Amino acid sequence: MFSPGVVVLVGAVFLACTVEMVEALTIVLAVGHTRGWRSALEGVGAALIALAALVAGFGPALVHVPLNWLRLVVGGVLLIFGMQWLRKAILRSSGLKAMHDEDEIYRRKVAELKVEHAAVGRDRVAFVVAFKGVFLEGLEVVIIVLTLGTSAHRMSLAIVVAALAVVLVSTAGVVVARQLSRVPENAMKTSVGVLLVTYGTFWTGEGLKITWPGNDVMLFVFVVLYAVVTWLLIQLMRRAHPNVDSAVS
Amino acid sequence: MATRSSLPVRLLKGFAMFWWDFLVGDTPELFAAVVFTIGVVALLSLDGHFNAASVIALPTLAVFALAISLWRASRAAGK
């Protein structure tokens with residue numbers, strides 16, 4: 001039941017969804033506290049419907065693409081996407097890029113929203129900002145769910161895991177309110193990057209008809225390989241730039 | 001006065017721009033490296049030849065691409 005493929009799929013979808021949800025929730029909380037909750041929640045609802053429509057529309061269509069082509073294209077996209085996440089996470093860990101600070105983003109968003117005059121009745125600014133925040137952050141999750149879910153033939157599992165992450169982060173967000181900065185976001189992003197590159201490598205190889213030794217077990221080998229390489233690259237970057245303040249203790 | 005494009009054209013442009021930003025964005029070297037990697041591994045693996053070489057080449061080239069991209073960022077930060 002818990003094959004290496006399932007474990008990596010669940011880990012990648014859950015962590016990616018959690019990270020993106022934390023970023024979206026920061027924006028929604030800023031909008032709700034500053035401009036009122038009605039329009040903010042309407043924006044969230046509209047964005048979730050739009051994202052669900054994307055999954056419902058593209059999910060079944062992708063199933064009809066020949067499997068080798070699907071895996072090659074998905075593998076390539078995941079490799080690029082995963083390396084972009086890893087690159088950003090390594091630069092942040094080595095101090096060359098500022099950490100994603102949810103408290104700072106919250107403060108900035110609140111300041112921006114306070115400048116705009118509040119509307120009577122439905123607040124268009126609140127609706128649009130909440131919609132954009134949730135839709136744009138959610139789009140990355142939709143791509144991960146669609147690509148991993150269809151290639152592994154486990155679309156339902158990917159959707160359930162993503163939904164679970166949304167519910168968990170929303171609940172935690174409501175409970176802790178504005179303490180989202182405590183979420184170890186960069187460590188989670190690093191993990192997602194490792195998992196996406198792992199799956200990207202695996203599917204690209206499958207699409208190119210490579211026979212992996214041990215089949216799915218290679219997923220674990222890749223996770224270890226890319227995790228070690230990431231750690232080494234962080235150390236190298238820190239040594240190359242000893243004068244920048246390290247963002248990770 | 002500039003003429004405004006029709007809705008389908010704007011949607012198509014927006015869709016293309018989204019994928020361009022998503023896949024290329026500010027790291028064109030990663031996009032190019034993945035295309036290059038797929039090309040090399042396709043030459044090695046198709047028809048079932050050189051499977052062992054493909055198994056090694058694919059992750060090695062991916063690691064190499066990431067290292068090059070970081071080296072670029074590191075150089076830019078040092079300027």
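Among the contacts in chain A between residues at least 6 apart in sequence, 89% join residues at least 24 apart. This picture comes from a predicted model, which scores ipTM 0.88 and pTM 0.79. Chain A holds eight helices and zero strands, and from the N terminus on its elements follow the order α-α-α-α-α-α-α-α. Of its 249 residues, 47% count as buried.

A good place to begin looking is the interior. The largest nonpolar core has 86 residues, of which A:Ala12, A:Val13, A:Val28 and A:Ala130 touch the most other members. Helix 1 of chain A, residues 4-35, supplies the largest share of this core, with 17 residues. For a closer view, A:Ala130 can be taken with its neighbours: leaving aside residues up to four places away in sequence, A:Ala130 touches A:Ile27, A:Val28 and A:Val31, together with A:Ala40, A:Gly43 and A:Val44. A:Val28 thus appears in both lists, as a partner of A:Ala130 and as one of the core residues that touch the most other members.

Attention now turns to where the two chains meet. Here 27 residues of chain A are in contact with 25 residues of chain B. On the side of chain A that touches chain B, the elements giving two or more residues are helix 3 (67-93), helix 7 (185-207) and helix 8 (217-240) of chain A. Helix 3 of chain A gives the most, with nine residues. Sorted by class, this side of chain A has 18 nonpolar, seven polar and two charged residues.

Chain B deserves a look of its own. Its mean pLDDT is 86, and 91% of its residues reach 70 or more. Within chain B, confidence is highest in helix 2 of chain B (residues 28-45), at a mean of 93, and lowest in helix 1 of chain B, at 83. The geometry of helix 1 of chain B (residues 7-23) can be checked simply: at 1.5 Å a residue its 17 residues should span 24 Å, and the end C-alpha atoms are indeed 24 Å apart, so expectation and model agree. As for its surroundings, the number of buried residues among those 17 is zero, so helix 1 of chain B lies largely in the open. A residue counts as buried here if 20 or more other C-beta atoms lie within 10 Å of its own. Just after helix 1 of chain B, B:Gly25 takes a positive phi of about 50°.

Definitions and conventions
Residues numbered from 1 in each chain as written. Chains lettered and ligands numbered in written order. Predicted model: local features only at pLDDT ≥ 70, side-chain atom pairs only at ≥ 80, totals over all residues. Core = buried A, V, L, I, M, F, W, Y, C linked by C-beta atoms within 7 Å. Buried ≥ 20, exposed ≤ 12 C-beta atoms within 10 Å, placed from the backbone. Helix = DSSP H or I, 4+ residues; strand = E, 2+ residues; numbered from the N terminus. Contact = placed C-beta atoms within 7 Å. Expected span 1.5 Å × (residues − 1). Nonpolar A, V, L, I, M, F, W, Y, C, P; charged D, E, K, R; others polar. pLDDT = per-residue confidence, 0-100.
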